[in-house]
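Reader: Please take me through this model in a series of questions. I should like each answer to be reasoned from the coordinates.

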Amino acid sequence: MNRLIERKIAENVYRLKAPKKNLCTDTTAKVPSSNPGQPGQVHQHDIAIVGGGMVGMALACSLASMLLTKHLSVAIIDSNPALFNGVGVKKEGTPDPRVSTVTPATISFFKDIGAWKYVEDNRHAYFDKMQVWDYTGLGYTRYNARDVNKDVLGCVVENRVLHSSLLSCIQSTDFPKTIYPSKLMTLHQNSSSMGVGSTSSASPSCERGHPVKLDLSDGSSLCAKLVVGADGSKSRVRELAGFKTTGWNYSQSAIICTVEHSVENHCAWQRFLPAGPIALLPVGDNFSNIVWTMNPKEAADRKVMNEGDFLKDVNYALDYGYGPHPRSSTLGNGGIFSWLKPDVTLSANESFEVPPKVVKLASERMAFPLSLMHANNYASKHVVLIGDAAHTVHPLAGQGVNLGFGDASSLSRVIAEGIAVGTDIGEVSLLKKYEAERKLENIAMMAVLDGIQKAYSVDFGPLNILRAAAFHGANYISPLKRSIISYASGEQRLPIFS
Amino acid sequence: MASKLPNQLRALYASTTRHRLLSPRFPNLNEVFRDLLLGSNGRLFSDAPSPPQVSFSPSTPVPPPSGPNTSAPSSLNQKELVEFFASAETWWDSEGPFRPLHAMNPTRLAFIRSTLCRHFGRDPCSPRAFEGLKFVDVGWCGGILSEPLARMGATVTGVDAVEKNIKIARLHADLDPLTSTIEYCCTTAEKLVEEQRNFDAVISLEVIEHVADPAEFCKSLAALTVANGATVISTINRSMRAYATAIVAAEYILHWLPKGTHQWSSFLTSDELVLILQRASISVKEMAGFAYNPLTGRWSLSDDISVNFIAYGTKTTSE
């Protein structure tokens, strides 16, 4: 028995001493980890985060930033080479079309975990104004950050910038993380809670206390107490762990691209068209990002049509296309709402503006289908889902990744509270606390977004009038406007009972 | 000794017919509770003569406890092991019949953590705040309290007069290296005092209301505590609200506990507890109550000590 142990130790030491391939060619930060992809060896970790995207990395950073959790050994499983090599994002050049609008609540979260300073080093665009209207020209709403006494309504940041900021943040700490550049193949849990153990003695099994075994595509295996599925809408963890989902496809696809103006844009614009909304978001310098939702056939056409025609379509959609401009009201006179004069917000005085003209297409056009999906449960024994793996939403309010960051923040806090009182982190009752908190908030947001999407997809006279009334109401009834801003900013957790 | 149990169990599992374990996961609740609470000899946690109990026969014949650490593999029979396995699964299933107890556990631990970290001058933000301290957990919790305390770094000794509970606790604790260092003894507080054991903190939750002579029990607990050590006791207050909640609601309406688990007359009021602890040279420093929110199903600490409450006291230095 002792000889066997000695031999195993000798083998492992040999493996560790084997020459490490230097995967980095430039001076960007390297991941300080031993070469983990050795078949036959089973590594033991506390938490295995499957998926090292924005939300998975945010969870890792959050755990690294708290005293109670910074000792946890975390494995991050993602085959994206950027994670293993270290990412350097060029600050010049045109912005990538994949961007996210981060709400003030997410900005606070990033500041708490120490990642926001890296975002500010790269291109990012704060905006403090927003205008929403539709093709009927019957109403519009303008939002301003000053309505709620804040400086910004949000910030638009490229996804790769967010990701590399989180990566830089975690590499600047000495958090015991190991990155596995591989994909998850299978997941085994000890079937009985009393630890019957693995059936064959040939394959190395997990140590006591690490009941979940993950097998990766490169042949290596690892064991963990808790598996976090942060692997996106087609989550493998969700599939392997048997979580059921509810949802439907919207019969819409979204086209995204970066465009350029001749002037700077500091406002976020969204116009609801008969087929779906078009959004113009500032990304910095003279660039803006377009997210245009339409039916799949049109999306396929628009993706391949020539640049000039596409730009013409975009300007048409943002300006005079499909319907007239809304009439802007004169100073403070909101018609039937004029009795609210004393309490009227700053933005209610602003008149309707036409978005800046798009002069150039600055990136390729990407199209992807839209759907709504929600996992019926987020947590089961030793497995938990966060981010898009648990829920996907329509992009019309820019909330998707913000819900994911909210999940990461909540889960890391629940884990810290569990460790404070000595709970086993894979314990279902602990994970259900996270689920209870986030499910309610996520479902509320999804209901609101789905409702808006459905309300705007029907062209029916009385409904159009109703929507116009909604625009006017949101614009002139200040408490309602403040409430909408604060809910969309993530400051208010639920739409009704804050 | 204790590590052979899981191995035995594995061998047993492979050979035993599976259908026994697939039979109802939730055995008759009353039986389970009575077994766990009273075991085979009807003795509770103190050697003092117990009040007359309704006699009943336990579900399986359990050999009489033969000493403090009685997990000698040869004395276990196969039938027993399988029974333990089934009971343990139920016991530790946080969504199973013991759900209210599991739900209350983090709240109790939060109080213990906050008071004992302050008492021993430890950093509450450290994951292993109780490193180097010796705790004893006197009670029938089957390890529910001992394991988190061990994870928080304490050297824990778990004491229970019922052999079965000890075995269940041992089986579960051996699953995780962090908790396998817990020492489980099948004994009573009085016997530990005779062995002159001492601990930095003595914790006894939800036990004193089942004991025949609370004053003697407190004296034993005090004798186990070192000078300037801490004692934590939790119980149910003898108030009208407690009768309505802990007995009527919990036993008759919600069926959280089998009828007859608690006797209202053996509850202690908070004043009485403070008094008997004082007589045992423990001065109570803090008390808190547990409030249950039926909407969320969670317990939280509160100032209301009229139903469940927990008290933390320190041993005054004696002559």
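**Helix H13 of chain A and its surroundings**

Author: Just after H13(A), A:Gly490 takes a positive phi of about 85°. The model is a predicted one.

Reader: Which residues of helix H13 (residues 478–488) of chain A are buried?

Author: The cut-off for a buried residue is a relative accessible area under 20%. Strand E7 (140–144), helix H11 (428–455) and helix H12 (461–476) of chain A are included in what covers the buried residues of H13(A). Those buried residues are A:Ser478, A:Lys481, A:Ile485, A:Ser486 and A:Tyr487.

Reader: What percentage of the residues in chain A is buried?

Author: Chain A contains 13 helices and 22 strands. Among its contacts with a separation of 6 or more, 80% join residues 24 or more positions apart. Chain A exposes about 21,700 Å², with carbon and sulfur atoms supplying 56% of that area. Of the 498 residues in chain A, the buried share is 53%.

Reader: How are the planes of A:Trp116 and A:Tyr126 arranged: stacked, edge-to-face or tilted?

Author: The structure holds 18 aromatic pairs over all chains. In one of them, the ring centres of A:Trp116 and A:Tyr126 are 6.3 Å apart and the planes meet at 55°. Planes under 30 degrees apart would count as stacked and those over 60 as edge-to-face. The angle of 55° falls into neither class, so the pair is tilted.

Reader: Which elements of chain A does this pair link?

Author: The two residues are ten residues apart, and the pair links distant parts of the chain. A:Trp116 belongs to helix H5 (residues 116–120), and A:Tyr126 to strand E5 (residues 124–127). The elements are therefore helix H5 and strand E5 of chain A.

Reader: Is A:Trp116 buried or exposed?

Author: A:Trp116 shares one aromatic cluster with A:Phe109, A:Phe110, A:Tyr126 and A:Phe405. Its partner A:Tyr126 has a relative accessible area of 30% and is partly exposed. For A:Trp116 the relative accessibility is 3%, so this residue counts as buried.

Reader: What is the angle between the planes of B:Tyr292 and B:Trp299?

Author: B:Tyr292 is partly exposed at 33% relative accessibility, whereas B:Trp299 is buried at 12%. Their ring centres are 5.0 Å apart, and the pair is tilted because the planes stand at 50°.

Reader: Which residues does B:Thr107 contact beyond its neighbours within four places in sequence?

Author: B:Thr107 is placed in helix H5 (residues 99–120) of chain B. Its relative accessible area is 8%, so B:Thr107 is buried. Its contacts beyond those neighbours are B:Phe290, B:Trp299, B:Ser300 and B:Leu301.

Reader: What is the area of the nonpolar surface patch that includes B:Tyr252?

Author: B:Tyr252 lies in helix H10 (residues 240–253) of chain B. With a relative accessible area of 44%, B:Tyr252 is partly exposed. Patches take residues with over 30% relative accessible area, so B:Tyr252 passes that cut-off. Together with B:Ile253 and B:Leu254 it makes a patch of about 330 Å².

Reader: Over which residues of chain B does pLDDT stay under 50?

Author: The predictor gives the complex an ipTM of 0.78 and a pTM of 0.82. In chain B the mean pLDDT is 77, and 71% of the residues reach 70 or more. Beyond four places in sequence, the model has 24 contacts for residues 12–29 and 67 contacts for residues 39–76. The stretches with pLDDT under 50 include residues 12–29 and residues 39–76.

Conventions:
Residues numbered from 1 in each chain as written. Chains lettered and ligands numbered in written order. Predicted model: local features only at pLDDT ≥ 70, side-chain atom pairs only at ≥ 80, totals over all residues. Heavy atoms only, no water. pLDDT = per-residue confidence, 0-100. Contact = heavy atoms within 4.5 Å. Patch = residues over 30% accessible without salt bridge, like charges linked within 9 Å, V, L, I, M, F, W, Y side chains within 5 Å. Areas by Shrake-Rupley, 256 points an atom, 1.4 Å probe, with all protein chains shown as cover. Salt bridge = Lys/Arg side-chain N within 4 Å of Asp/Glu carboxyl O. Helix = DSSP H or I, 4+ residues; strand = E, 2+ residues; numbered from the N terminus. Buried < 20%, exposed > 50% of the residue type's maximum accessible area, 1.4 Å probe, protein only. Phe/Tyr/Trp six-rings, centres within 6.5 Å; stacked < 30°, edge-to-face > 60°.
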